[in-house]
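Colleague: I'm new to this model and would like a close look at a single part of it. Could you take me through one strand and then show me what else is worth a glance?

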Amino acid sequence: MARRVAWWVAVDDVPRASVVAFTFTEKAAEEMKFRIRRHIQGVTPPGETMTLGGMYVGTLHSFCLKALRDLKPEVYHNFDVLAEGGRLALVQRGYHGILGLSGFQAALGSGQYAAMEDFLEAYDLLNEYGEADVRLPKGRAPQNSKGEAEWCKEAVLKTNVGKGAVPEAFAVCAARYYAYLRCRRFLDFSTCQAELLTLLRREPTLVERVRERVTHLVVDEVQDINPVQYAIIRSILGERGRLTAVGDHRQAIFHWRGGRVDLMSDLYDELKGSADGEVIELSNNFRSTPRIIAVANGWARTIGGVRSMTSPDMEHGRKGRVDRHPTHVAAPAFPDRQREAGWIAEKINALVRPDNGTGALHDGQDGNRGLTYSDIAVLIRSTTDARTYMTALSALGIPAVVRAGPDLFSQPEVLLFLGLLARMAGVDQFFGARHNSLPQRIQTVLGCPPTPEAVIQAAAASLRQSGLLMTAAVEKRLLLATALSQARMQGQRVDREKLNPLRNPKLVEWLRGAGSTRRVFPQALYQLLLAEAEVGNWESGSARGATAMFHLGQLSSLVTGIETPGWTDPSDFKYQIIALCMWGAANARTEEAPLLVAPDAVTISTIHSAKGLEFPVVFLADVNNRRFPSGWATRARSVPFDGPILRRIDPRHLVDNANYDYERRLMYVALTRSERYLFVTCSGTKRRSPFWDTVRSEIGQAGGATSQPPQDVPSGLTFLKSVHRRDVRLVTSFSDLRYYLECPHDFYLRKVLGFSPTIDQAFGYGRGVHNLMREVHSRPEEWATLADDPKALAARVQELIERGLFYLRYTTGEPLERMQNKAKEIVSDYVRLYSDELAKLKFEPELEFETLIEQEQTLVSGAIDVVRLDDPPRVTILDFKSGEAESDAAVRLAEDEMRLQISLYGVAAKRELEYQPDRGLVRYLAETDPQRREVEVALDDRALAQAVNTVTTAAGRIRERKFQVGPQRPPRNQQHANRCPECDFLEFCGLNEAQAYRASRVTSRRLPRPHSTA
Ligand code: SF4
């Protein structure tokens, strides 16, 4: 695909902006961008540009959001995508009121969570099949919660989903949910795609605009596309567009969420039968050794065909990647799961030896190297027993992370904090009867009743047992803190005496507050609990501590997810926590955004979540009866529809067939994740899985080990110095790099572990101001004419605010009004101040870019606020600082950082946008002192080279995982000794600098010392 794109661009002269490449995940998109550049370089004469320019490479749903914003900025520019956890919190919040889901629940006769789950699944199906059609009430969606309920109740689902109590109740809820998203300026993943298709169907002029721009399309993983994606692709292509689609029907594994392999088959037949179409078989496998390829080929023959599509065998394509010993591909069986898990742990210990810094040999891009933990994956069909594997690894001190799948909620550290948050919120008991509900997980992992208090105590005991610092005193304080927090949230005054044992001053300060609590910030509360639990101590060295922190970082992302829908009052908080528990126990996947640097730990993952990834070593575990193939695979799915729609959304497409072809495809995907070492394992003495005998036989036929005793597998290992894989690309942004430059450990907590900063009420202020500035620079002449008419100017800004361009989700009432007035004032001042410039010059607002720093193979992305077209290609880069104290507190840049930022933009403008930027101007919008309103940054060759050099050095250090380093920059506030007191993560950071600051604070306030028994 990358080669095809490079050819179009470099040889056929197709403008870069006319090319769109769809990938299945953001991670795949990153890889594709690097490859396209490399291939463009390969076919371009030296010295010519190898940039991607305005080419879009990314997922289809991100494309949809971008297209909606481009085509209808007045509606969608301020819309965000709402991820899974957030949308469940939103649904939970509106369950009884706005959404009327209790009616749907009554019609179904089910429990609350089942009703929510069934509703969202069916709502997504409508969108995935391009069937959703909602008529919204007239007028703009309300901007505050007051008018929401009335507005949403008037929405109508026009799609005929059938007659009867269930379809009719569903129709009411679906229309209201869609309207509710609109009120909150959100699109969820499925709505985002359906929305673009609806727009393109309704407005032919917009389709023409898209087709004029996009003429060449590539689509990866076409076997998993769903009907709405297929319709979008066809709509973009029209009669004249060029399409290259790549797929393998043997890897179609997302049928249960609308993926339709028959769409690939339609495309296959169409291209095969058309005069200018062509089907090319790509049979080279560049990932695996010949033996692994032979096993996968043998297995593929058991998968049923899809109409006329062929299934060519893969051929070995990578010369150096050869098999070194028969036991490197093996299929040992064990009497029980414990022994299976124990064997896997032992073998990981045999493959990686941190004690002497070596690992078993693997061949990479830069030659041979020794393996590290992050080269190893334990893949499982379902996460039901993931904990067994995790525990076995942990017993041998092997760091492991559950990178995806609901097992995140089976980690004692995650259960501890869920228990604490639940207790804070006033939840008495966790509910749920399904096999993967939170009570079930609590029973399996902790063996205690599903009440927050019992969970806290049992999880704390489990953590103590695993060697983490969790003293009885800390546990007692946590119980106290959560009980007092609950009282505080209910508006009760907390007795000061009772606060004495607590250690964290911020928590104490919050609890000391008087009066009713109007709103809570869940991420802030979570971090106060992390602080009181002293998790900073877990960071120091042990593998168990590192994985616990990783899991807590993932939980932090999920907490931010539930906070996304907006303003939280104490009663919302309770429902948010219930939603988090219910959703997370069944689904908790971390956000799809890939981590910048993988933690040095073994990955335990479901096969679905490992799609698109590859590992030198794969243990495919738990190939047991009813686990793989899953006992649920062929079970009929019920949908709340009736009548003709069932011919279009056929529930049979959502489940497996009698040959278990989808499960077989899943096995094929699992086998082909491995590069060199592949171990397929099962356990139990009763009935074997039907898949086990076949896969074992394929391994035997390919020359792998099936009869050797497990202790002899793997043999014939050669050891080399352990080196992390270097071919992992770094895809980052200026803001991420800035965190590293300021404090490498901050970057580690934020970008490697996934901790989110807390949200404050001014969140979104800066973006709102930038939205207004974008509007100003999109129609500069028009705005210049308003400069001398203060009334008209203010009215114009007010109109933009009412259109939703300045939308703050986390504030209301007086603070919102204050921030709106401030925004109005600074935008009006700006127009008056720069009216001459606006009248005479042209601008390009919000220019997104990605530029490659070759030396470290680092792709840096960003968006330039405005490019002022002085005399193109000579331009000036404008950057605005919005100047709201509350929102700017954590993002204020020192002068040298600001210069670095503008210089990087300069590099991008020169390389990617082919401009000649002379200088940058940083404009401080709220500044009243004329001398300090604008700072000029020279963008000469020296400044640009220096910026590239700084980024290269930082990227190199990130690759080398230099994260145990504290603040590198002077404090913003001169009274501080270093940056720690100004840091988002001060309260639970484990580095010495942070610990020292916290200890000094304890001393000065005479609070209990860490781990005191008080
Ligand atoms: S608290 Fe200090 S050491 Fe820790 S991440 Fe923040 S700045 Fe770095």
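Let's start with the strand I keep coming back to: in which sense do β17 (residues 400-402) and β18 pair, and over how many bridges?

Modeller: Strands β17 and β18 pair in the parallel sense, over 3 bridges. Before we go on, this is a predicted model, so local features need a pLDDT of at least 70 and side-chain atom pairs count only at 80 or more, while totals for chains, interfaces and linings use all residues. Residues are numbered from 1 along each chain as its sequence is written, and side-chain values use heavy atoms, with hydrogens and water left out.

A few terms, then. Strands (E, at least two residues) and helices (H or I, at least four) are DSSP runs, numbered from the N terminus. Two strands pair if DSSP finds at least two bridges between them.

Back to β18, which covers residues 602-606. Val402 is the residue opposite Ile604 on the β17 side. β18 also has β16 (residues 376-380) as a partner, again parallel, this time over 4 bridges. There, look for Ala377 opposite Thr603.

Now zoom out to the whole sheet. It is an open one of 6 strands with parallel pairing, and the order runs β11-β20-β19-β16-β18-β17. The edges are β11 and β17, each pairing on one side only.

How covered is β18? Mostly: 5 of its 5 residues are buried, where buried means under 20% relative accessible area, exposed means over 50%, and partly exposed is in between (1.4 Å probe, protein chains only). In a regular strand the side chains alternate between the two faces of the sheet. In β18, Val602, Ile604 and Thr606 point one way, Thr603 and Ser605 point the other way, and all are buried.

How far should you trust the model? The average pLDDT (the predictor's confidence in each residue, from 0 to 100) is 88, and 95% of the residues score at least 70. Among the elements, helix α37 (residues 885-888) has the lowest mean, 42, and strand β11 (residues 329-330) the highest, 98. Over residues 590-595 the pLDDT is below 50, and that stretch has 13 contacts in the model beyond near neighbours in sequence, a contact being heavy atoms within 4.5 Å.

For a helix to look at next, try α13 (residues 261-273). Its 13 residues reach 19 Å from the first C-alpha to the last, close to the 18 Å expected; that expected span is 1.5 Å times one less than the number of residues. Among its buried residues are Val261, Leu263, Met264 and Leu267. The buried residues of α13 pack against α12 (227-237), β8 (242-245) and α28 (661-671).

Finally, some backbone oddities. The peptide bond from Phe628 to Pro629 is cis, with omega near 10 degrees, and Pro629 is in the loop between β19 (615-620) and α27 (645-648). Another cis bond joins Val713 and Pro714, with omega about -10 degrees; Pro714 is in the loop between α29 (690-701) and β22 (719-721). Arg307 isn't a glycine, yet has a positive phi of about 45 degrees. You'll find Arg307 in the loop between α14 (290-300) and β10 (315-316), and at 53% relative accessibility Arg307 counts as exposed.
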